[in-house]
Structure formats: C-alpha cells, structure tokens
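Colleague: Got a minute? I'd like to go through this one with you, starting with how the strands sit together.
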Amino acid sequence: MNLTGLKLSVSSEIGTLRALLIHSPDSGLGKVVPSKAQDWLFEDIVHLDILRKHEYDYYLKILLYFLDPDLIKGKLEEIDQSSQRRSFFKPRNPAFHGSRKVVELEGLLADILAEPPTRQKLVASVCALEDCSYRLQDEFNAMPAGDLASMLISGSVNGKMHFAPIPNLIFTRDIGIVINDHILLNKPAKKARLRETLIAKYLFFNHPLFASYRENVLEIPNSFNNFLRPGDDTDEKTTLEGGDVMVVSPSHILIGCSERTSVSGASEAVKLLFEKGVITKATLIRIPHKRDFMHIDTLFTQVKRDTWVVLGSVASRQVKPEPEPADRFTDKKSKDKTQIMQFEKGRVGQPREFACIEDLLDDISSNDLGSTIPTTFIYSGNNSFPFDAREQWTDSCNLLALKEGVVIGYDRNDKTAEAFREKGFSVIKAADLVQQFENGGTDPQSLTNTLITVPSAELSRARGGFHCMSMPLNRSEL
Ligand SMILES: NC(=[NH2+])NCCC[C@H](N)C(=O)O
C-alpha cells in the first residue's frame, strides 16, 4: 500500500477526525475458546459472522462516509450484495476498500513484512515470545507477506493454529497514542496483549507511512531496577495502555492509573513527554483497579468542548456517608479510591489536586478549551442504579467523537441514549444513517449533536467500545 505523506496530528478528543488506524475483526476472534476467553480478555466467545456483518461493518461504513466518502458513496448497494461476500471489508481481497484515511493495520503489517530485514526481526521476536521452534520460524520466514501478516495476527494458517490469536487487536486505541505529532508506544499490563505491542512497535518504526516521524516515536523505559524485582507481581511494573491516555488539548494530556497503567508507567510517560516538549501539562487520575474500569476511557469520554459522558458513581463528587463503627476496620485500599493530580512542566511546589473527575473535566472545558457555558455531564444509564453500572459495563461511556458533538457508540445502552436525548441530542441507528447518507437525505457535514448507535450484542462481549476501537492519527484542530 502506498501511504506516504500522512500527517500525524492529534491535539484533542473531539476535533473532526481525518485519519485513524483500525483493525477489523479477524478470524482469530472466531477462535477464542471458552477456557481461554478470560485469559484473552474476552468475556465470552463471540459469533464472528454476526459481529462482522451486522455490527462492525456499520462502524466501518460510518467511518468511511465521514472520512473517505468517495470510497463508499453510491456503492452501498453493490458492497452489500450477498454475492460480494463482504469482499469490500476483507483486507486481503482485491475489492478491499484500502482507505488511506480509515487505515487497516493488517495491510500495513503485510507491507513491512515484504521487506526481508524487517520480516526477519519481527518473525524472530514473535517466535521468541510465542516459544516457536527454530524450524517453524524458518517456515514463517518463507511465507508470502500477506499470509504471514494474517498468521501473526490470527495465530493460524491453513487451518493450523500455531499460537494464540490476539483478538484484542481490534482495540487499536491501546497499542499507542498519537499526541500532537508524536507517537507514544504502550507497555501492556496483560500478557494477552504483548504480541500486539510488538507488532505496533515494528509498524511505527518501519512503515513508510510513519517515515517522517521516526524520531517522534516515544518508548517508555523500564525503571532501572525492573528486572531485579522478586516475583511476577505486575503491580510494580512500568505499564501503560492507550485507553488510559487522553489528549484533551494541544498542551494537556490525562493519564489513568488503573488496572492496566501503573503509577510508574504514567510517571515515565510524563517525564518523557515533558522532556521532548510534546506537552506542558499532565493530569494523573487514579481510578479503582477493577476489570469493569480497566482504562479511564471506560469511565468517561468527551462529546463536545463543554459536554462529557461519564459514570456518575465514580466521576461525581461523592457525599461521604456518616462512618459506621466497623468502617475503621475496612479502610479502603488506596487502589480503590479516585485521586487526581495535575503536573505542569517547570512548576515548582505542590501539584494541583481535584476533588473528583467532574471537577477536572469542567476545568478542561472552561480553562483549556475556552467554553463559557456550564459544562454538561451526560450520565451512563441516566444516573440511575443499576442501569448506570450495567450500561457502563457495555461501554456507554466509551464513545468515539467523529467530530465535535457527533459520537458513535453501542445501541444496547438505552438509558444512556435517553440521557443524550434529554440533553438535546438526536439518537440515530447506524443502519438508518448510512441509508440517509447514501440517498442524500443528510450528510456528515450537516450532522450536529448526534449519538450514532451500532448493533452490539456480540461486539460488547469483547469488553470495549468504539473509543477503544480507534487510534486517531489526525484530527482537525479545535
Ligand atoms: N481502551 C479500552 N478501554 N480498551 C478495551 C480493551 C478491551 C480488551 N478486551 C482488554 O481487556 O484489554
């Protein structure tokens, strides 16, 4: 794929999306077995055909109408014909869309594997990680680049499974983050995500698409005594996953300290970003270390300059109940408390603290983004128990902004959609919107204040939403 000349530029969560990196669900998702589902960070096994045809394909169509309409407009009927067998959506098919704005990761991987030196290094690294035999490594090296790319992702070739799939690669958010014109690589907390990280590292350092940004690829170092620590406890490790990083303004990023991102990972990232002059302000947000809240983008995402969708029970200021006598015995572990500290480059003295996530988001809206009206919070499940928790679990707070005020999420979060309507938003099904785009009833430019909903019965079992399923490469400045 000839993809030279793409400009990396992300300085907000809501500027009009111009280019992003995605990975469409590959056959590996259909190979998750019940006994390994949780180890591979899926909550359940998924039905691959339904997940692709009736769910993810809508996401892709919407992305293309917004970012690269020439590839899709006027062709919908043909693309959807059953005789086409989804060829438009299959990376290795000649009829594949091949967008240079909605960029498919598998194609990039095949490109770098066509270069023998890169192929040999990457194959050797994957084989070391997956404990493959020397002979198998030689076999992999002799494979055509396209087959090899698909095998390195799905784990299988010609019906044979050589190692585990990496089904979480659909969550491209987590493999790296574009901050202005730099790329911060991740250091995953979970073993199931190690191969993804390796692939991402090779892509950013070797693909011509990123050629002019080589010097801007940032790798978080391990703390110097990393390898001296006894045992396998991941708590103390230096880890950082992309879902915990949000670029909220050209100078300010948020980093979650969570189940996945350690304090040392966050701290090393901030040091690096300050040192390289990428940003001047970083806010660290400690959230409860729980599977439900693995990254900060599972708790809140931005909708507009002055509007955020949040889980109220964690983000709002909590009124402390009178302590019960036994509370003295049950002092909450610090890991379960929310704590927020803001650091500015060159500033001496105490960092600034915020009492709750909403206070921080309000400060960002008013002071970083210049909003002059009161900040709006739209709550998961319309802030009523148990729908708040239920819908957060199925990613009601994990929305992707296609442009300011137009976000995309799952259709199953009814009460959250109700909350959007109450705040003046339209809620429209992706299938209907696609039809309207196609027949000229509306167009992406004229859409305002809208939540687009995508079918999600299967996708939501993978435990991530569209914010996770996107790695923005370019957004217009706000
Ligand atoms: N940015 C995110 N919230 N990503 C969600 C990742 C979900 C994935 N199954 C995992 O547990 O790793």
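Modeller: Sure. One term before we start: two strands count as paired if DSSP finds at least two bridges between them. Also keep in mind that this is a predicted model.

Colleague: Okay, so which residue stands opposite I285 in strand 13?

Modeller: That's I340. I285 and I340 belong to a pairing where strand 10 (residues 281-286) and strand 13 (residues 339-344) run antiparallel, joined by six bridges.

Colleague: And how does strand 13 pair with strand 14?

Modeller: In the antiparallel sense, over three bridges, with strand 14 covering residues 352-354. There, Q342 has R352 as its bridge partner.

Colleague: Let's jump to strand 1. Is it mostly covered or mostly open?

Modeller: Strand 1 (residues 17-22) is mostly covered, with five of its six residues buried.

Colleague: What does strand 1 pair with, and in which sense?

Modeller: Strand 20 (residues 471-475) runs antiparallel to strand 1, and four bridges join them. Strand 2 (residues 102-104) pairs with strand 1 in the parallel sense, over three bridges. As for partners, L20 stands opposite P472 in strand 20, while L21 stands opposite V103 in strand 2.

Colleague: Switching to helices. What's the end-to-end distance in helix 4?

Modeller: The end C-alpha atoms of helix 4 (residues 116-130) are 21 Å apart. That agrees with the expected span, because 15 residues at 1.5 Å a residue should also give 21 Å.

Colleague: Which residues of helix 4 are buried?

Modeller: R119, L122, V123 and V126. Looking down the axis of helix 4, those buried residues fall within an arc of 100 degrees, so they line one face.

Colleague: Why would residues a few places apart point the same way?

Modeller: An α-helix has 3.6 residues a turn, so residues three or four places apart point the same way.

Colleague: Nice. What covers that buried side, and what's on the face turned away?

Modeller: The cover includes helix 3 (105-113), helix 5 (134-141), helix 6 (145-154) and helix 7 (194-206). On the face turned away you'll find the exposed residues P117 and A128.

Colleague: And what follows helix 4?

Modeller: D131, which has a positive phi, near 60 degrees.

Colleague: Last topic: how many residues are in the largest nonpolar core?

Modeller: It has 121 residues, and those with the most contacts inside it include I62, L109 and I253. Helix 1 (residues 48-67) gives this core its largest share, ten residues.

Colleague: What does I253 touch?

Modeller: Leaving aside neighbours within four places in sequence, I253 is in contact with I179, V245, M246, V247, V248, I279 and A282.

Terms used
Residues are numbered from 1 along each chain as its sequence is written. This is a predicted model: local features need pLDDT of at least 70, side-chain atom pairs count only at pLDDT 80 or more; totals for chains, interfaces and linings use all residues. Helices (H or I, at least four residues) and strands (E, at least two) are DSSP runs, numbered from the N terminus. The expected span of a helix is 1.5 Å times one less than its number of residues. A residue is buried if 20 or more other C-beta atoms lie within 10 Å of its own, exposed if 12 or fewer, and partly exposed in between; C-beta atoms are placed from the backbone. The arc is that of the directions from the helix axis to the C-beta atoms. Two residues are in contact if their C-beta atoms, placed from the backbone, lie within 7 Å. A nonpolar core is a set of buried Ala, Val, Leu, Ile, Met, Phe, Trp, Tyr and Cys residues joined through C-beta atoms within 7 Å.
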